[in-house]
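Please work through the following exercises with the sequence and the structure at hand. Each task is followed by a solution in steps.

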Amino acid sequence: MLEKIEKSDFKYIGNKLLHWYEKNARDLPFRQTKDPYKIWICEIVFQQTRINQGLNHYNNFIERFPDVKTLADADENEVLLYWKGLGYYSRAINIHKAAQQIMNDYNGIFPHEYEEILKLKGVGKYTAAAVSSICFNGRIPAVDGNFYRVLSRIFADDFDISNSKAFNYFSELAHLILPENVGDFNQAMMDLGSEICKPKNPLCGECPLNQDCIAFLTNKIYDFPVKTKKVKAEGLELKYYFVHRNGQFLIQQRKDDFIWKKLYEFPPEISEELIPFIKSVKTVNHKLTHKNLSIEIYNVEVDSEDTWKHFIAENNYIISDYESSHQKSFPKPLENYIGNYHTAYRIL
Ligand code: SF4
């Protein structure tokens, strides 16, 4: 398909999209700036969070940490506190580390080149492309699921989006329609993909590209994008907090029975008072039949006896230690975590 398309000029599609964007761009605070620091923070905040859900967090974060230096100098616990409610705390930990990286490796100046931006902790190809194009005129499409969907529909392209080469394929396809202003183009694709060319019930009647979209013109919208329907193991994300103090830690028996019925686990959530004690996070991948688990385990070392006592009094968790944990059954990844903790604790 790509070879056939390459012979034609499709830049007019990108330009049409830009005209639409000029009139219809959503009025968002981070669209008033080209400050790479703010664009970067916004891209990370909105990676797994809807715009209207994350807007207050974004504004509060920028107000408290208005530049790279302020963020780099901040205490990690405070950064985590400002991330509260957004979830995926590893993003906050990475943002903090990346700010320190910019201070140490780039003299506090946000790197301009795509390849350099990509070296920052927690920054992937999509984010690097977005920052590079919006702030430094980089000619790199910020390819994500929106691009896959919109491009495969416009060209009625049946390239399988679950193929490991899909990213490169759709990047090449995007280059064929790329106008001069790539920064606006990337944002226009984001708006079109989320507001108009939605996965279900796309608003083709309002779409600026409906006279160019082969899937629409041939009435085959729902044939694209193509994704092979393999019986794949379902992905499941879990989150635990390993709350501990002086060799003791908190556990409970599982209530959910869809996996690990009656096994013991760490607290799946904590109260606000414990957030400052989060020291690190570890992601463990674990396979079960038909399920691929991604387990985030936060290491919460409670340095304050008062907080420890208060948290225990407010909750029904069981106090355990390494020896007594042997009397109970834990899922393998949690059992391993306890073993590693015990080893580390003994060395200390
Ligand atoms: S016409 Fe419909 S399917 Fe085609 S790009 Fe627009 S919204 Fe998507």
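**Exercise 1. Identify the residues that Val300 touches, then place Val300 in its core.**

Step 1. Contact means heavy atoms within 4.5 Å. When residues up to four places away in sequence are not counted, Val300 touches Tyr241, Phe242, Val243, His244, Ile270, Leu274, Phe277 and Ile278.

Step 2. The model is predicted: local features need pLDDT of at least 70, side-chain atom pairs count only at pLDDT 80 or more, and totals for chains, interfaces and linings use all residues. Residues are numbered from 1 along each chain as its sequence is written, and side-chain values use heavy atoms, with hydrogens and water left out.

Step 3. A nonpolar core is a set of buried Ala, Val, Leu, Ile, Met, Phe, Trp, Tyr and Cys residues joined through side-chain atoms within 4.5 Å. Buried means under 20% relative accessible area, exposed over 50%, and partly exposed in between (1.4 Å probe, protein chains only). The largest nonpolar core has 58 residues, of which Trp40, Ile41, Leu71 and Val300 touch the most other members.

Step 4. Helix 3 (residues 36–45) gives the largest share of this core, 7 residues. Helices (H or I, at least four residues) and strands (E, at least two) are DSSP runs, numbered from the N terminus.

Step 5. At least three residues of this core come from each of domain 1 (10–143 + 174–195) and domain 2 (234–347); the domain bounds come from an automatic or database domain assignment. A second, separate core of 31 residues includes Phe155, Ala174, Leu176 and Leu178.

**Exercise 2. Describe the largest pocket by its volume and lining.**

Step 1. On a 1 Å grid over the protein atoms alone, a pocket is an open set of points where a 1.4 Å probe fits, with protein on both sides within 12 Å along at least five of seven lines; lining residues have an atom within 4 Å of a point. Grid points are joined across faces, edges and corners, and a volume is the space filled by probe spheres set on the points.

Step 2. The largest pocket has a volume of about 630 Å³. Its lining consists of 22 residues, and Phe46, Thr49, Ile51, Met190 and Ser194 lie nearest its centre.

Step 3. Helix 12 supplies the largest share of this lining, 5 residues.

Step 4. Sorted by class, the lining has 8 nonpolar, 8 polar and 6 charged residues. Here Ala, Val, Leu, Ile, Met, Phe, Trp, Tyr, Cys and Pro count as nonpolar, Asp, Glu, Lys and Arg as charged, and the others, Gly among them, as polar.

**Exercise 3. Describe the second largest pocket in the same manner.**

Step 1. The volume of the second largest pocket is about 260 Å³. Of its 15 lining residues, His244, Asn299, Glu301, Tyr341 and Tyr345 are the closest to its centre.

Step 2. At least two lining residues come from each of strand 1 (234–245), strand 5 (291–301) and helix 16 (332–347). The largest share, 5 residues, belongs to helix 16.

Step 3. The lining divides into 7 nonpolar, 4 polar and 4 charged residues.

**Exercise 4. Which backbone angles does the model show at Asn201, Asn219 and Pro225?**

Step 1. Most residues other than glycine have a negative phi, and most peptide bonds are trans.

Step 2. Asn201 has a positive phi of about 45°; this residue is found in the loop between helix 12 and helix 13 and is exposed at 56% relative accessibility.

Step 3. Asn219 has a positive phi of about 60°. Asn219 lies in the loop between helix 13 and strand 1 and is exposed at 70% relative accessibility.

Step 4. Pro225 also lies in the loop between helix 13 and strand 1. The peptide bond from Phe224 to Pro225 is cis, with omega near -5°.
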